[in-house]
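Let's take a walk through this protein together. Have the picture ready and turn it as you read.

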Amino acid sequence: MGENPTHNKKTGLPRKRFYRARAHSNPLSDSHFPIPISPSEVDYCLHYPELVKVDASKKIQFADVGCGFGGLLIALAPLFPDNLMIGMELRDKVTEYVKERILGLRTTNPGQYQNISVVRTNSMKYIPNYFGKGQLKKMFFLFPDPHFKEKNHRRRVISPFLLDEYAYVLAVGGIIYTITDVEELGEWMKSCLEEHPMFETLTNEELEADPVVKLLTSATEEGQKVARNGGQTFQAIYRRSATH
């Protein structure tokens, strides 16, 4: 009695199979979930209860857009203990899984994983509701929906229009990380970033020195699947430039 079948008995962590959902959702359809009116309305006490007690002025600095099952957030948490991070996910079951996963990790690792959280939202519509101008240091777009058909390209999470929004919320010097196993989408994301006046490429030396780059493939479920199947990945990593 009292056992929770959706959680692993030994670890207390949620079992993924109970939280499965469609791989992708239509980002242009309206779903019903609460949206903060402005970044000042984001409930930090809800997301980071322990850290807010220590420093109520801290703001989210990393955003994982379409965070999936939360692998990247969990890998980043101990690497950047002083940075608050949020995963943004449209699928309700997946968001619920990540929430349970983080709570489980906080319970089994006291004092750790307090700096990560997740929110169910549509990041294609509501990024400015969550983050102020120049607030973010890093944004992640890992294995996004390719939306192959040309008429659906407007649903892609990297586009010239959306890059304007991302440039607004990223601090100068902030970095945008993208990766996909779909070559055509990889070319698309790279060309959007390349042609945008507010983003610049990083040198090979900078990329090699950045510990986050290695996590793009190893930390996520999608990246691990591609590696297991011997697939290729295509990265585009750009810096918010100071020119505008």
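**A buried leucine to start from**

Leaving out its neighbours within four places in sequence, Leu 216 is in contact with Phe 140, Leu 142, Phe 143, Tyr 177, Ile 179, Gln 235 and Ile 237, where contact means heavy atoms within 4.5 Å. Leu 216 sits in helix H9; helices (H or I, at least four residues) and strands (E, at least two) are DSSP runs, numbered from the N terminus. How much of Leu 216 is accessible, in relative terms? Its relative accessible area is 0%, so Leu 216 is buried. Here, buried means under 20% relative accessible area, exposed means over 50%, and partly exposed lies in between, using a 1.4 Å probe and protein chains only. You can also look from Leu 216 across to Thr 178: the two are 38 residues apart in sequence and 8.3 Å apart in space, C-alpha to C-alpha.

A quick word on what you're looking at. This is a predicted model, in which local features need pLDDT of at least 70 and side-chain atom pairs count only at pLDDT 80 or more, while totals for chains, interfaces and linings use all residues. Residues are numbered from 1 along each chain as its sequence is written, and side-chain values use heavy atoms, with hydrogens and water left out.

Now zoom out. The protein has 10 helices and 7 strands. Of its 244 residues, 48% are buried. If you take the contacts with a separation of 6 or more, 78% of them are between residues 24 or more positions apart. The accessible surface comes to about 12700 Å², and carbon and sulfur atoms own 52% of it. Accessible areas like this one come from the Shrake-Rupley method with a 1.4 Å probe, and for residues only the protein chains shown count as cover.

Next, find helix H3, residues 71–79, where Gly 71, Leu 72, Leu 73, Ile 74, Leu 76 and Ala 77 are buried. What covers them? The cover includes strands E1 (60–65), E2, E3 (116–120) and E4 (136–142), along with helices H4 (92–108) and H9 (211–218). So H9, the home of Leu 216, turns up again here.

Strand E2 spans residues 84–89, and Glu 89 belongs to it. Is Glu 89 buried or exposed? With a relative accessible area of 4%, Glu 89 is buried. Setting aside residues up to four places away in sequence, Glu 89 touches Gly 66, Cys 67, Gly 68, Val 94, Thr 95, Val 119, Arg 120 and Thr 121. Glu 89 also appears in an unreviewed UniProt entry, whose "binding site" annotation covers Gly 66, Glu 89, Leu 90, Asn 122, Ser 123, Leu 142, Thr 220, Glu 221 and Glu 222. UniProt positions are given in the numbering used here, feature names are shortened, and annotations may be inferred rather than shown by experiment. Another residue in that annotation, Glu 222, is in helix H10 (residues 221–228). Glu 222 counts as partly exposed, at 28% relative accessibility.

The loop between E4 and H6 is worth a stop. Asp 145 lies there, and the unreviewed UniProt entry gives Asp 145 the annotation "active site". Phe 143 is in this loop too, and it is buried, at 9% relative accessible area.

Most residues other than glycine have a negative phi. Phe 143, however, has a positive phi of about 50 degrees. Tyr 113 has a positive phi as well, of about 60 degrees. Look for Tyr 113 in the loop between H4 and E3; its relative accessible area of 14% makes it buried.

For helix packing, turn to H5 (residues 123–130) and H6 (residues 160–169), which pack at an angle of about 20 degrees with their axes 10 Å apart. That makes H5 roughly parallel to H6, since angles under 35 degrees count as roughly parallel. The axes are lines fitted to C-alpha atoms, for helices over the stretch in contact, and angles run from 0 to 180 degrees between N-to-C directions. Where the two meet, Met 124, Ile 127 and Pro 128 in H5 touch Leu 162, Glu 165, Tyr 166 and Val 169 in H6.

Finish at Glu 194 in helix H7 (residues 183–195). Glu 194 is partly exposed, with a relative accessible area of 46%. Apart from residues up to four places away in sequence, Glu 194 touches Thr 201 and Tyr 238.

Technical notes
Angles under 35 degrees count as roughly parallel, over 145 as roughly antiparallel, 65 to 115 as roughly perpendicular and the rest as oblique.
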